[in-house]
Amino acid sequence: MNNTFTKLPDTVMLDEAAPALVIIDQTLLPTELRLISLYSLSEIWDAIKKLKVRGAPAIGVAAGIALYLASHAILQKGVTDTTQFLDMLRADKDYLASSRPTAVNLFWALERMYKTALSFIENGGTVTACVDRLLAECKAIRDEDIASSKAIGENGLSLLTDGCGILTHCNAGQLATVRYGTALAPIHVGREKGMSFKVYCDETRPLLQGARLSAYELVCDGVDTTVICDNMASQVMKDGRIQAVIVGADRIAANGDAANKIGTSGVAILAKYYGIPFYVAAPTSTIDVTLKSGELIPIEQRKADEVTEMWYETRMAPEGANVFNPAFDVTPNELITAIITERGIIKPNYTENIAKIMEK
Ligand code: MRU
């Protein structure tokens, strides 16, 4: 096994001089590792929609930087009236919020930025000073994401043993955050401590985040990585190759129900059947206490051609066949062994214990 660590650049960055949002264009991976600079809100909206930047925490950090860029652009237009500034900023926030519906980190970061601007202006701040304040806030969101991903890695590592087999679904790794990831953070942190793991990546139809992205970043980190088709998970579990399943989340309801990439709930059912612990790893910014249960989480429906055409030289399903393409499903809390956050590991009863950890 090639153990050479190929350090990836941060997934989401701010170019302060431009200013611009800089991201790894994840639609090009694993063929090409390319950083792209995005200057306008329409470019950023499009990048989120098309999954050039994706994964709940990474979308949140990108949205925070995007709202700072929006404030900077408003100032550049000569707007100094604070009411007009806030009206324009709110319109930009609402526009960015329309890019994708499920990952709560998008709305969390946009609201945090807007509320920062609102309270700054209400306390007598000028537009120019407010733009500086928003620069500091988007950097804080980025830095907190790095710190919480590392802490999730440390907390999650306590549940793993050296050499164990892990199954993951989709990509909840560095490419879904700024660094380290959530579900893959314990693996990256373990690697830093000289540990090794055997990781099985569900390819994750239809957009192949497991095969293209998780496998890519794990191989870059020198991890023993095996890609399997989604319908092989049962067999690798039955064979005794998997000691833990770890996945990420796009939104966790107050009762612990967790929305994640389509197919996750099926993996959870298999894990229960085979008696394998099923862990969800996510920062507390992914927990939406305003939703009582997972039934209330909005699920994104995506275009049919992602299923029928995108990965094939010629269309592989007949014209006229309907396509159902939900991007996420919800794993019920009773299938989740524990939720790994930066503040600690949450175990059932989730309604009580989520409330406690969110108060911290
Ligand atoms: O559609 P995507 O690629 O944005 O979906 C991503 C996932 O489902 C991830 O597992 C989730 O966002 C957690 S990322 C740490």
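Which residues of H6 are buried? In this predicted model, the buried residues of H6 are Ala185, Pro186, Ile187, His188, Val189, Gly190 and Arg191. Helix H6, which spans residues 185-192, is thus described as mostly covered, with seven of its eight residues buried. These buried residues pack against two helices, H5 (127-157) and H7 (209-220), and against the strands E4 (165-168), E5 (198-202) and E7 (244-247). Just after H6, the backbone of Gly194 takes a positive phi of about 85 degrees.

A second packing arrangement involves H1 (residues 41-49) and H2 (residues 56-76), whose axes come within 10 Å and cross at roughly 170 degrees. Because angles over 145 degrees count as roughly antiparallel, H1 and H2 are therefore roughly antiparallel to each other. On the H1 side the contact is made by Leu41, Ile44 and Ile48, which meet Ile59, Ala66, Leu69 and Ala70 in H2. By class, this contact of H1 with H2 has seven nonpolar residues, with no polar and no charged ones.

The ligand is surrounded by 18 residues, and the closest are Arg54, Arg100, Asp250, Asn260 and Lys261. Some distances from protein atoms to an oxygen atom of the ligand are set out below.

| Residue | Protein atom | Distance to a ligand oxygen atom |
|---|---|---|
| Gly55 | backbone N or O atom | 3.0 Å |
| Ala56 | polar backbone atom | 2.9 Å |
| Gln209 | side-chain N or O atom | 2.9 Å |

Methods
Residues numbered from 1 in each chain as written. Predicted model: local features only at pLDDT ≥ 70, side-chain atom pairs only at ≥ 80, totals over all residues. Heavy atoms only, no water. Axes fitted to C-alpha atoms, helices over the stretch in contact; angles between N-to-C directions. Helix = DSSP H or I, 4+ residues; strand = E, 2+ residues; numbered from the N terminus. Parallel < 35°, antiparallel > 145°, perpendicular 65-115°, else oblique. Contact = heavy atoms within 4.5 Å. Nonpolar A, V, L, I, M, F, W, Y, C, P; charged D, E, K, R; others polar. Buried < 20%, exposed > 50% of the residue type's maximum accessible area, 1.4 Å probe, protein only. Near = heavy atom within 4 Å. Polar contact = N/O pair within 3.5 Å; in protein donor to acceptor, adjacent residues only side chain to side chain.
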